[in-house]
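Here is a short briefing to read alongside the coordinates. Have the viewer open, and let's walk through a few spots together.

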Protein chains: 2
Amino acid sequence: MTGTSEVSPLTLNRLSIYLRSLRQLQDHGVHRISSKQLADQFHLSPTQIRKDLAQFGEFGIRGVGYDVDHLAGRLTELLGLDSCRRLILIGVGNLGRALAHYVGFNSRSFRLVALVDQDPTKIGRRIGELVVQPPARLADLIRETGAEIGILAVPEEAAQANYDALAEAGIRAVLNFAPARLRTDPHVRTKDVDFRINLEELGYYLK
Amino acid sequence: MTGTSEVSPLTLNRLSIYLRSLRQLQDHGVHRISSKQLADQFHLSPTQIRKDLAQFGEFGIRGVGYDVDHLAGRLTELLGLDSCRRLILIGVGNLGRALAHYVGFNSRSFRLVALVDQDPTKIGRRIGELVVQPPARLADLIRETGAEIGILAVPEEAAQANYDALAEAGIRAVLNFAPARLRTDPHVRTKDVDFRINLEELGYYLK
DNA sequence: AGATGTGAATGAGTTCACAGCT
DNA sequence: AGCTGTGAACTCATTCACATCT
């Protein structure tokens, strides 16, 4: 059932979790599971699993449950994880370098294809298999490598300018690690990851 | 108005953003602002700002707006950022080391006080001002340093065991960077940060 | 006049409860 | 009998619209 309205990020994030859980089950040789069992094992809600899946079709067998391999396969397609997205990382400070080595950024579904930093002492350095490039090459790099997602790991002050440059160069999505309120481009999917906000949330409850 | 029910994380996260925005205004010498102006400058919703603040009292002046310094001060208290929370970091791989250097983890409101890793080749190494300690010392470290928040930056397989050890040792909150579904302890505030989920969300929309 | 603070209305997201398959 | 898929009920969150105050 292909509804016309967009899928909520919350649902999407849970689909990622379901898929990950299913893969773990595959590794343990499990071939069939009910929403209840899945929920119990991974601390999820069985109704929510079914509702989330319902947005995309019928994947289970009534009275029986889900075929683990089949469902994992469908979720993989659904999330677009069967093809490989190319990433360009802007900013190779401490965080940027850690992200560059992060396995999730170099898996079957995602691959880091370019590194950019403005600092002359960093340009030319090799990190993993890539060499840090100057910002002037940004647009060319995106065109040459076919990068679709930009990872912003620059300091707060530089965030907006780099975001704008990415948008201008035709990037399609940005994962922003800078603690800045970006003026976003409507053509660019943008998602913030902000540790400080998460920390402050935890801190609040400790009072 | 001290309502009895708990504040939602969504509200809390926005309060962090408001505070950050106000501090930027302070740096620019702005002393008074309306919810409308604040919203315009930082891409927020004016009604939501007012509703969020309303949960904690009346901070503005009708017909006038908010005193920037005063509101910033109240939010700082409210979020508990006037005192300093001590953090213990578990796992000093790529991500862990980046986090150790992350300024937000060593600010006025948060301070990293201990590092732990299980890898014998890492134990004893100095990172910043701290020396990496073995897991056996975890409980002692938490007691000695008064650490309240644990940062989990270990591989997926090790996440649950380390979480349990932190909970057992009396930690009050955990910020988990491992891509694992943790069985959480009801006495420990737990928050997940998962880059892969965020990436996959962006990836979905690119299909 | 102009902006806050807030009840009422709307919308989004989750849970319930059960009809419908296997 | 058992588990999925789903309308209806409910809860949580945002937005509207306006009374209230400076």
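Let's start with A:Arg196, which touches A:Pro179 as well as B:Arg20, B:Tyr102 and B:Gly104, leaving aside residues up to four places away in sequence. Please keep in mind that this is a predicted model. From there we move to the pairing of the two chains, then to DNA strand C, and finally to the cysteines.

**A:Arg196 and its surroundings**

- A:Arg196 sits in helix H8 of chain A, which covers residues 195-206.
- Its relative accessible area is 21%, so A:Arg196 counts as partly exposed rather than buried, a class that ends at 20%.
- If you want a distance to check, the C-alpha atom of A:Arg196 is 25 Å from that of A:Ala167, and the two residues are 29 apart along the chain.

**How the two chains pair**

- A turn of 180° with a shift of 0.0 Å along the axis lays chain A on chain B, with an RMSD of 0.0 Å.
- The two copies are therefore related as by a two-fold rotation axis.
- Within chain A, A:Ala98 has the C-alpha nearest the axis, at 3.0 Å from it.
- Of the interface residues of chain A, 100% are also interface residues in chain B, so the copies meet through the same surface.

**Around DNA strand C**

- DNA strand C is surrounded by 25 residues, and the closest are A:Arg14, B:Ser35, B:Arg50, B:Lys51 and B:Tyr66.
- One of these, B:Tyr66, has a side-chain N or O atom 2.8 Å from a phosphate oxygen of the strand.
- A:Gln48 places a polar side-chain atom 3.2 Å from a sugar or linking oxygen of DNA strand C.
- B:Gly63 uses its backbone instead: a polar backbone atom there is 3.3 Å from a base nitrogen of DNA strand C.
- Two or more residues of the surface near the strand come from each of these elements: helix H1 (9-27) and helix H3 (46-54) of chain A, and helix H3 (46-54) of chain B.
- Sorted by class, the surface near DNA strand C holds 10 polar, eight charged and seven nonpolar residues.
- Among the atoms of DNA strand C within 4 Å of the protein, 61% are sugar or phosphate atoms, and the rest belong to bases.

**Cysteines**

- How many disulfides does a search of the whole structure find? Over all chains, the count is zero.
- A:Cys84 is partly exposed, at 24% relative accessibility.
- B:Cys84 is likewise partly exposed, with a relative accessible area of 24%.

How values were computed: Residues are numbered from 1 along each chain as its sequence is written. Chains are lettered from A and ligands numbered from 1 in the order in which they are written. This is a predicted model: local features need pLDDT of at least 70, side-chain atom pairs count only at pLDDT 80 or more; totals for chains, interfaces and linings use all residues. Side-chain values use heavy atoms; hydrogens and water are left out. Helices (H or I, at least four residues) and strands (E, at least two) are DSSP runs, numbered from the N terminus. Buried means under 20% relative accessible area, exposed over 50%, partly exposed in between (1.4 Å probe, protein chains only). Contact means heavy atoms within 4.5 Å. A residue is near a molecule or strand if one of its heavy atoms lies within 4 Å of it. A polar contact is a pair of N or O atoms within 3.5 Å; within protein, one must be able to donate a hydrogen and the other to accept it, and residues adjacent in sequence count only if both atoms are side-chain atoms. Ala, Val, Leu, Ile, Met, Phe, Trp, Tyr, Cys and Pro count as nonpolar, Asp, Glu, Lys and Arg as charged, and the others, Gly among them, as polar. A disulfide is a pair of cysteine sulfur atoms within 2.5 Å. Copies are superposed by least squares on the C-alpha atoms of residues with pLDDT of at least 70 in both.
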